[in-house]
Amino acid sequence: MHDIRAIRENPQGFDAAITRRGLAPISAQILDIDAARRASIAAAEEAQAERNAASKEVGAAKAAGDQARFEQLRALVAEKKELIARLEDEARTGDARLNDLLMSLPNLPLDEVPAGADEADNVEMHRWGTPRDFAFAPAEHYALPAVQSGMDFETASKLSGARFVVLRGAVARLHRALAQFMLDTHITDNGLTEVNAPVLVREEMMYGTGQLPKFGEDSYQTRDGWWLIPTSEVTLTNTVAGTMLEAADLPRRMTAHSLCFRSEAGSAGRDTAGMLRQHQFEKVEMVSITHPQQSRDELDRMTRCAEGILERLDLPYRTVVLCTGDMGFGAQRTHDIEVWLPGQNSYREISSVSLCGDFQARRMNARFRPEGGGKPEFVHTLNGSGLAVGRCLIAVLENGQQEDGSVALPQALAPWLGGKSVLSAQGELI
């Protein structure tokens, strides 16, 4: 959410930044609503002062036996009461209009973010690893002999419909091993605190991280009003909602492995084959709550945490900074990490790490007390995948596929697979 005071102080700067997100200048509309709201508040306060003064005089007029003055003042008090109620109602309506408008606007990009319209304008930061040369035509994950018995889309469709999968046997174990490997690496090596939180949240939690109101159609809501989380960014970030932290407690770094649910409303017809884009999937998420002066460095640190997972798994990747037209709603700057999928002969997103500044903190009212005193400030929030488990499974399978139909597995996973390092063509760990 945006700071109305900052918009009042520099409307031209706000418009310049919002137009970089592909939107029309809107500060004039915001300030008109704000001015009307503030005028109603000021008029209500003035009317209240006049009513209070008249109320004091009512008793004096009655005590003096001045009936005409008494009736006049009593009528004035009643008139001011009605006026105050009307003005306060106008102010509340203005508050709601202003809040709804500000809540609907995306975050402003940092000046360093490259301008652009869509993913074609994203800028590559670096690459790691070299895509393997295959002596045969590499297949996509769902076509590999090694996964035929362990990746069941037909049964999933019977159970739940399209874009679900049933994993069995060694493939299910490999999927679980990847999640455990990611979690343990983030906890032991990267210093994150593990959190196990609900996947059902109140509506205000979805507002707090920006999933609502704009992206309601992309998520699932229960009949009781709870929302299924599209990512544990929602739960992890909202652990500090309405909280006053101490500066010494920052940064607060968390990780969670959770189920995630997305309707994929905006991706009809995309990636329908295999398990690249599912309604239900698992992700290991990272969230950091930081001091404003630490947040930009924290973005780079979190990016390295995610990249490090791929490097340990020996999976080639590239990292790009998203342009202004491709960034998510709540982001000031985003780094996408794209893993190499030989079956598609392309890099595909496996992690998105975003700096949100105080955008989410204002929506959640999450603040901290500066060291040495001073006015409380809003914290900065960051989030990122570390990594998407299903997509990592796809990358491991496709990059490790062998001509005989088996899959050579990364050595880094051996401790979580009982020392096994190959998924045979028959779907067994050996």
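Let's start with a pair of strands: β5 and β7 run antiparallel to each other, joined over two bridges. One residue to look for here is Leu 200, whose bridge partner in β7 is Leu 228. Keep in mind as you click around that this is a predicted model.

Strands of a sheet pair through backbone hydrogen bonds, either parallel or antiparallel. In this case the pair belongs to an open sheet of three strands, ordered β5-β7-β6 with antiparallel pairing. The edges are taken by β5 (200-201) and β6, each with a single partner strand, so each has one side without a neighbour in the sheet.

Now step off the sheet into the loop between β6 (220-221) and β7 (227-228), where you'll find Thr 222. Is Thr 222 buried or exposed? Neither, quite: Thr 222 is partly exposed, because its relative accessible area is 27%, and the buried class needs a value under 20%. For a sense of distance, try Asp 32: it is 190 residues away from Thr 222 along the chain, and their C-alpha atoms are separated by 38 Å.

Next, the helices. Two packed helices are described by the angle between their axes and the distance between the axes. For helix α6 (residues 169-188) and helix α11 (residues 389-400), the axes come within 10 Å and cross at roughly 115 degrees. That makes α6 roughly perpendicular to α11, and their crossing is right-handed.

So who touches whom? From α6 come Val 171, Leu 174, His 175, Leu 178, Ala 179 and Met 182, and they meet Val 389, Gly 390, Cys 392, Leu 393, Val 396 and Leu 397 of α11. Sorted by class, this contact has ten nonpolar residues, two polar ones and no charged ones.

How values were computed: Residues are numbered from 1 along each chain as its sequence is written. This is a predicted model: local features need pLDDT of at least 70, side-chain atom pairs count only at pLDDT 80 or more; totals for chains, interfaces and linings use all residues. Side-chain values use heavy atoms; hydrogens and water are left out. Axes are lines fitted to C-alpha atoms, for helices over the stretch in contact, and angles run from 0 to 180 degrees between N-to-C directions. Helices (H or I, at least four residues) and strands (E, at least two) are DSSP runs, numbered from the N terminus. Angles under 35 degrees count as roughly parallel, over 145 as roughly antiparallel, 65 to 115 as roughly perpendicular and the rest as oblique. A crossing is left-handed if the near helix is turned anticlockwise from the far one by less than a right angle, and right-handed if clockwise. Contact means heavy atoms within 4.5 Å. Ala, Val, Leu, Ile, Met, Phe, Trp, Tyr, Cys and Pro count as nonpolar, Asp, Glu, Lys and Arg as charged, and the others, Gly among them, as polar. Buried means under 20% relative accessible area, exposed over 50%, partly exposed in between (1.4 Å probe, protein chains only). Two strands pair if DSSP finds at least two bridges between them.
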